[in-house]
Structure formats: structure tokens, C-alpha cells
Amino acid sequence: MKSLSTLFMVLLLSACTHLSTPLRGTGDLGVIIERADGSVLIVEHSNGTTLGRVTGLGDLSHASIVYSRDARYAYVFGRDGGLTKVDVLKQRIDKRVMQAGNSIGGAISQDGRWVAVSNYQPGGVNVFDAHTLERVAHIPAKTDDGRLSKVVGLADAPGNRFLFSLWDNGDIWHLTFNGPNDYHIKKFPKAGANPYDALISPDGRYYLAGLFGEDGLLKLDLWQQPPKVEKILQDYGRGNKKMPVYKMPHLEGWAVAGHNAYIPAIGRHQVIVVSTDDWTMQKRIEVAGQPVFVMAQPGGRYVWVNFAFPDNHQIQVIDTQTLAVVKTLNPGKGVLHMEFTPRGDHVWMSVRDENRVDRYRTSDMTLVDSRPALSPSGIFFTTRAHKVGL
Amino acid sequence: MKPWLFIFASLFAGWVQAQPDSDRQKAISHIVVQDCGSCHGLQFKGGLGPSLLPEDLAGKPKEYLFVTIKYGRDGSAMPPWSRFFNDEEIHWMVDQLQKGGFHEKP
């Protein structure tokens, strides 16, 4: 009788545990940065609900996220040098370290074991054990004259490689990392003036770095033996005067549709269309302001663009068949970021100054609904866990 | 002191103390925190742009900061802001920055 009641208690307890944490997948989850308040929202995009808020992540201006390969943990890179591992299922901080004075972004290795963070101050890259957040390597980004450069455009590539660029002297560095005692660096010195951000193509072949100090981009072909850096689109600004840039564009992901890639011009209110076959310019598309994010809808039928201050209340949509702007949306003040659901049925956008995240249907480009968020910036769905370079 | 800086210093020798009204102050604070913050950090600890913390601005002449904000700095990523703020407003911004008067929620 006693054992029966014990069994009953055990059953009751396990039932309670199940009730408080029902099983669910992470495939439709996401994290939204609330940049001013050092918090993040956990959301799900099947129904568009907010599941919870995690606080205590520090200065999240310009924060970005990568995911563990099981798509359960979000690694949040904060501006203040904080690296926070958030458990999106339990909606709580799993681990947090202050890894530098001032950082800008990060990446996770192909095998999911290492998280690399790029830092402005002190300039360099730190590598962490993805499981424990223990620092396993520190790579100072020393320029020729011995100064430390700000590191930008850190991205992962196949073969457990990380690529990054040095803002101050224009190097591209190629780091192969297989453990604290098994890594090496190859440098491509002084490749271009002031690289500001970079991306990896989804096939892991090209590392493209945008340049602020001159027109054009740097293209590193990782399939070439040996890999080589080339400057492309060097004359994209020809014939028109550079305008002031009130926010640096981001090269995140790969806005590619068919044989064309879509890239923000620097200091010009244009999206540059470049052929990925021969890297020649196909067209400059005039848009409403300095583009910040130029993002292809999954499938590549349309490309969505947001803009720098003072034009950051708008979104424009480019038809990749006609290379024309087919829609201008006015979501509100301070549209900072967009994120597509994995199959592209919706796009979410953060409207910072109106403390909202809006969800638009892509089929007719109309607003579906909104949810409150405190000065939202980056939106990151877990689908990134399984993409190279994100 | 560089000659051009001396000229500007003389021009603004009488540092104007007139202030924007409180609504405008609020709007400027918002832009300074959010938009300047995208390069200098929301807490002004620096980023692509340098730190704007009071202790880091302490040694810098007001006129130099004024000129930097108004006209931007060639050869750097700092754009000119004269399109969005008049002189009086920039003076006020410089004063506030040096005092640490801008916060996330003004």
C-alpha cells in the first residue's frame, strides 16, 4: 500500500512537471533584441505570440545573435562586450560572461563547438567554448604599427573557419579553428579601405566585405587555391557625389536571387545589383535613402530594404524580375531590422521608436499584426542555426 | 593649437548659452541616444566611433566638438549633422555630452 501511494506521488509529480513545461520544438522560435533595456523577447512565429522576456543582458545597441546547432541556445553579442547564452526554451540566461570592453558581433563554428566574438576594444577576436562559455583563445588584431584594430564582419565558413576584417588597416583575416591548441591564421593584408561589415555566401564560397573608405567590395573566393582577395564594383559610385552616412549598412545574409546579388551602396541612395557569375554591376536601383539591410525574401522573388536615419520610417520592396521598386511601406519611426520566417510567408520588422514589432504577410505585403517591444532592434529566428554565415 | 581650430575658437569665444525648448530637447536627446548611439554606443562607451563619455570629452574644447558635430570629420565615418540641428542645438548637445546629460530615457 505504501509503495502504491509512493508510485501515485511520483506519477503526480511527473504530471505536474509536464504541465509546467509542455514539450515543444524550437523551429518556430525567435529572439528579439530590446536594445535600450538590456532585455530580449522570446517569440514564436507560427502564431506570432510573445512567449516571454529575459532581462539583464547589458548594453544591447547593435546586438546580434547566433544559435547553437540544436537551435535551443541563443548567443547574444552585446555592445558592452557581454556574451550571453540564452536558453530560449526555458526563457532564461544559461551563462553570461563579460569578454571585452566593446564588441560588435560573433559567429559559431561549423561544428557548433566554438563561438567567436569580434571586438572593437581591445581590438581582436575571442573564441569561447560554446557549451561552457569558457574563453579558449584570444587573437589580437594587431596592425603593422602595433596598434589594435577594430574587428568587423566576423562570419563563419565551412571547415571550422572564421573570417573577419580589420576596420583600421583593411586586412582580411582567415582563422581556422579546431581547438585551443589547433588553430592558425592566414592574413590578407591591406585589402581595402575601412571594411565596415561582411557576409558569407550560403554555399560558403565567398566572403564579401563592404568598404566605407572607398567604392567597392572585397571578394575572397574560398574555393580558389590558394584563396585570393579581389576588389569588385570599384566604380559603383562613379558620377555621383557621396552623401553622408548616418548609419552603417549591414551585410547580413546574402540577398541573392537567381544570378544576382543585391548590395547596399555606401553614401548613395541606391541598391547595387551585381551578377554572381562575373561580378559585374547589372543595375543601380534608386531607393528612398541609405540602405541598411538589403534582404532577399526566402526564394528570392522580392528583396526588402530598410534605411538609415533620417529615412528609417520606410521599407521598400524590389521585384527581382524587373529590378524595380514595387512597394513602399511606412511601418513607422525607426525601422531597424527585418526577419523572414523560414519559408517566407511572413516578415517581421522592428519599429524602434514606436516600441512595436510588426508582422507583414509577404504575399500581399500588408500588415498582419503588431506586438509591443521596448525599443526593438534585431530579430533573429532559430532557422539561422542551420545556415552558414548567420 | 591648429590655426583652423584657433579661428573657430575665436568665432565661438562667447559660447552661446541659449537653449532649445523642452520638447526639442527631448527630441534631440532621443536622436543623440538612438542614432549617435548606433556608432558611439547607447551608453556612449564607443563603437565604430569613439567614446562620448564625459571623462573622455573632458579634455576636448567645446568648439572642436561643435565643429565635429556640425560639419562631420573628413576621412572618418562621422557625418555632418547641420541638416538636422541648428547652432544653438549643437551648443546644447555639446554641453550635455560633456555633463553626461544624455540618458536612455530622458
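The lining of the second largest pocket divides into 13 nonpolar, 5 polar and 4 charged residues. This pocket belongs to a predicted model, and about 480 Å³ of space lies in it. The largest pocket has a volume of about 940 Å³, and the structure also holds 5 cavities of 30 Å³ or more. The points below treat the pockets, the cavities and one pair of packed helices in turn.

**The second largest pocket**

- A total of 22 residues line the second largest pocket, and those nearest its centre are A:Gly253, A:Trp254, A:Ala296, A:Lys387 and A:Leu390.
- Two elements of chain A, strand S24 (291-296) and strand S28 (335-340), give two or more residues to this lining.
- S24(A) provides the largest share of the lining of the second largest pocket, with 3 residues.

**The largest pocket**

- The lining of the largest pocket consists of 45 residues, and B:His40, B:Leu48, B:Gly49, B:Pro50 and B:Ser51 lie nearest its centre.
- Elements of chains A and B give two or more residues each to the lining of the largest pocket: strand S9 (114-121) comes from chain A, while helix H2 (22-40), helix H3 (54-57), H4 and H5 come from chain B.
- H2(B) gives the most to the lining of the largest pocket, namely 6 residues.
- By class, the lining of the largest pocket comprises 23 nonpolar, 13 polar and 9 charged residues.

**The largest cavity**

- The largest cavity contains about 710 Å³ of space.
- It is lined by 42 residues, of which A:His62, A:Ser64, A:Ile104, A:Asp197 and A:His250 are the closest to its centre.
- The elements of chain A that give two or more residues to the lining of the largest cavity are strand S4 (64-67), strand S8 (102-108), S9, strand S12 (151-157), strand S16 (195-200), S28 and strand S32 (376-381), and H2 of chain B does likewise.
- The lining of the largest cavity is made up of 22 nonpolar, 13 polar and 7 charged residues.

**The second largest cavity**

- The volume of the second largest cavity is about 60 Å³.
- Among the residues that line the second largest cavity are A:Leu199, A:His250, A:Glu252, A:Trp254, A:Tyr262 and A:Phe293.
- Strand S21 (260-264) and S24, both of chain A, each supply at least two residues of the lining of the second largest cavity.
- S21(A) accounts for the largest share of the lining of the second largest cavity, with 3 residues.
- The classes represented in the lining of the second largest cavity are 9 nonpolar, 2 polar and 1 charged residues.

**Packing of two helices in chain B**

- Two packed helices are described by the angle between their axes and by the distance between the axes.
- In chain B, helix H4 (residues 62-71) packs against helix H5 (residues 87-99) at an angle of about 125°, and their axes are 9 Å apart.
- H4(B) is therefore oblique to H5(B).
- H4(B) and H5(B) form a right-handed crossing.
- On the side of H4(B), the contact is made by B:Lys62, B:Leu65, B:Phe66, B:Ile69 and B:Lys70.
- On the side of H5(B), the contact is made by B:Asp87, B:Ile90, B:His91, B:Met93, B:Val94, B:Asp95, B:Leu97 and B:Gln98.
- By class, 7 nonpolar, 2 polar and 4 charged residues take part in the contact of H4(B) with H5(B).

How values were computed. Residues are numbered from 1 along each chain as its sequence is written. Chains are lettered from A and ligands numbered from 1 in the order in which they are written. This is a predicted model: local features need pLDDT of at least 70, side-chain atom pairs count only at pLDDT 80 or more; totals for chains, interfaces and linings use all residues. Side-chain values use heavy atoms; hydrogens and water are left out. Axes are lines fitted to C-alpha atoms, for helices over the stretch in contact, and angles run from 0 to 180 degrees between N-to-C directions. Helices (H or I, at least four residues) and strands (E, at least two) are DSSP runs, numbered from the N terminus. Angles under 35 degrees count as roughly parallel, over 145 as roughly antiparallel, 65 to 115 as roughly perpendicular and the rest as oblique. A crossing is left-handed if the near helix is turned anticlockwise from the far one by less than a right angle, and right-handed if clockwise. Contact means heavy atoms within 4.5 Å. Ala, Val, Leu, Ile, Met, Phe, Trp, Tyr, Cys and Pro count as nonpolar, Asp, Glu, Lys and Arg as charged, and the others, Gly among them, as polar. On a 1 Å grid over the protein atoms alone, a cavity is a set of points where a 1.4 Å probe fits but cannot get out, and a pocket is an open set with protein on both sides within 12 Å along at least five of seven lines; lining residues have an atom within 4 Å of a point. Grid points are joined across faces, edges and corners, and a volume is the space filled by probe spheres set on the points.
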